[in-house]
Amino acid sequence: MTALIPRRVRGLASLAEALLTPHGMDRYLELVDPMLVRREIRGLVTAVRKQTADTVTLTVKPSRAWPGFTAGQYVRLQVEIDGVRRTRCYSPCGSQYDGELEFTVKEQGLVSGHLNRAVDVGSVVGLSTPDGTFTLPATRPDRVLLIAGGSGITPVLAMARTLADEGHPGEIVFVQYSNGPADALYRAELAELAARHPGLRVVHAYTHSEGGDLQGFFSPEHLSRVAPWYREAEAFVCGPKPLMDAVREELGERVHTEEFTPPALTFDTAAAEGRVRFRRSGRECANSGKPLLEQAEEAGLSPEHGCRMGICFSCTQLKTAGRVRNARTGEVSGDEDEEIQLCISVPVGDVEIDA
């Protein structure tokens, strides 16, 4: 009898879903409590704090649909701004064993600005399942070198916290590059983490200020001073591209970075037709057959963007009319008032963008 109960519950849920068509149960559950929805992952903001003038740290309790993440992965976080859903990718910076998620976001665009200024305790955000391969190997290396620059600290900090929770028996050196002490994210937390995990050494490198453990931009000499065994270690790096390039040049294949390889995309510019109108700016141009991000830039606009390859969602804008082809999948979409990624969306005839 007991074994039948879950089946009956599932049957009742399916019946309710059918009776509530066309909207489905989640539409009605959301009106009661957004955290009750079953088919989407939501997160409740439980704490908000400012570490620096241009960042915000959010603690988010995920709904029951959250599957967990592996330290180093990223999550697509969704918020509604002026009635439009906007999505950006952020890496949780807590241990993968924590029940809540923590995101630290630097203000540098539309969504990050909204998260810094408008999100408060009690806000609900949308979450995707975690993604990304910038993770620690299942068999943990004996010696781990973690290098972070600026807000790139988030996935690397998740690794450090996860290794500390696991009681990692080997050596961990965490090198954090920042302009100076006022910009050094998680300074107090890293000190506390090192105090309770004797195998962890935290090193602060200041690029534009005195008083750090290291001075200036990355160099091999920095590693020789703080981790003389660095050539035999596995290194995990996240930060500005010059930092990652410099570390990769020194360590080669032993470096793991949160970086994406652009897909090989082709564009049929000869067959392009129609016009592209950017409604808010009033700019208009003939369709060149290139991605809308490039056409916007050629028209004199400067849309927010990041990876330029359809992964980070930074260039998402509202398409108000027309059809576009996804350059990665080949799929053509003609829905009105549809969010699209400018960097991989190619106009098919006339298109209007709310930009």
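## Overall picture

Let's start with how the chain is connected: among contacts in the protein chain with a separation of 6 or more, 61% join residues 24 or more positions apart. Please keep in mind that this is a predicted model. The protein chain contains 8 helices and 18 strands, and 48% of its 355 residues count as buried.

## The largest nonpolar core

The largest nonpolar core is made of 25 residues. Within this core, Leu146, Ile153 and Phe174 have the most contacts. Six named elements are worth selecting in your viewer here: strands S7 (143–149), S8 (171–178), S9 (200–206) and S11 (234–238), together with helices H4 (153–165) and H5 (187–196), each give two or more residues to the core. Helix H4 gives the most, with 8 residues.

Which residues does Leu146 contact, leaving aside its neighbours within four places in sequence? The list comprises Val156, Met159, Ala160, Ile172, Val173, Phe174, Val175 and Phe236. Of these, Val156, Met159 and Ala160 lie in the range of H4 (153–165), while Phe236 falls in that of S11 (234–238).

There is also a second core, separate from this one, with 22 residues. Val203, Phe218, Leu223 and Ala233 are included in that second core.

## How H4 and H5 pack

How do the two helices of the largest core sit against one another? The axes of H4 and H5 come within 10 Å, crossing at roughly 25°. Because angles under 35 degrees count as roughly parallel, H4 is roughly parallel to H5. Their crossing is left-handed.

On the H4 side, the residues that meet H5 are Ile153, Leu157, Ala160, Arg161, Ala164 and Asp165. Their partners in H5 are Glu189, Leu190, Leu193 and Arg196. By type, the residues of this contact divide into 6 nonpolar and 4 charged, with no polar ones. Two residues tie this contact back to the core: Ile153 is among those with the most contacts inside the core, and Ala160 is in contact with Leu146.

## A buried serine in H3

Elsewhere in the chain, Ser112 is part of helix H3, which covers residues 110–117. Is Ser112 buried or exposed? Its relative accessibility is 4%, and buried means under 20%, so Ser112 counts as buried.

Not counting residues up to four places away in sequence, Ser112 touches Tyr90, Val105, Lys106 and Glu107.

Key
Residues numbered from 1 in each chain as written. Predicted model: local features only at pLDDT ≥ 70, side-chain atom pairs only at ≥ 80, totals over all residues. Heavy atoms only, no water. Core = buried A, V, L, I, M, F, W, Y, C linked by side-chain atoms within 4.5 Å. Buried < 20%, exposed > 50% of the residue type's maximum accessible area, 1.4 Å probe, protein only. Helix = DSSP H or I, 4+ residues; strand = E, 2+ residues; numbered from the N terminus. Contact = heavy atoms within 4.5 Å. Axes fitted to C-alpha atoms, helices over the stretch in contact; angles between N-to-C directions. Parallel < 35°, antiparallel > 145°, perpendicular 65-115°, else oblique. Left-handed = near helix turned anticlockwise from the far one by under 90°. Nonpolar A, V, L, I, M, F, W, Y, C, P; charged D, E, K, R; others polar.
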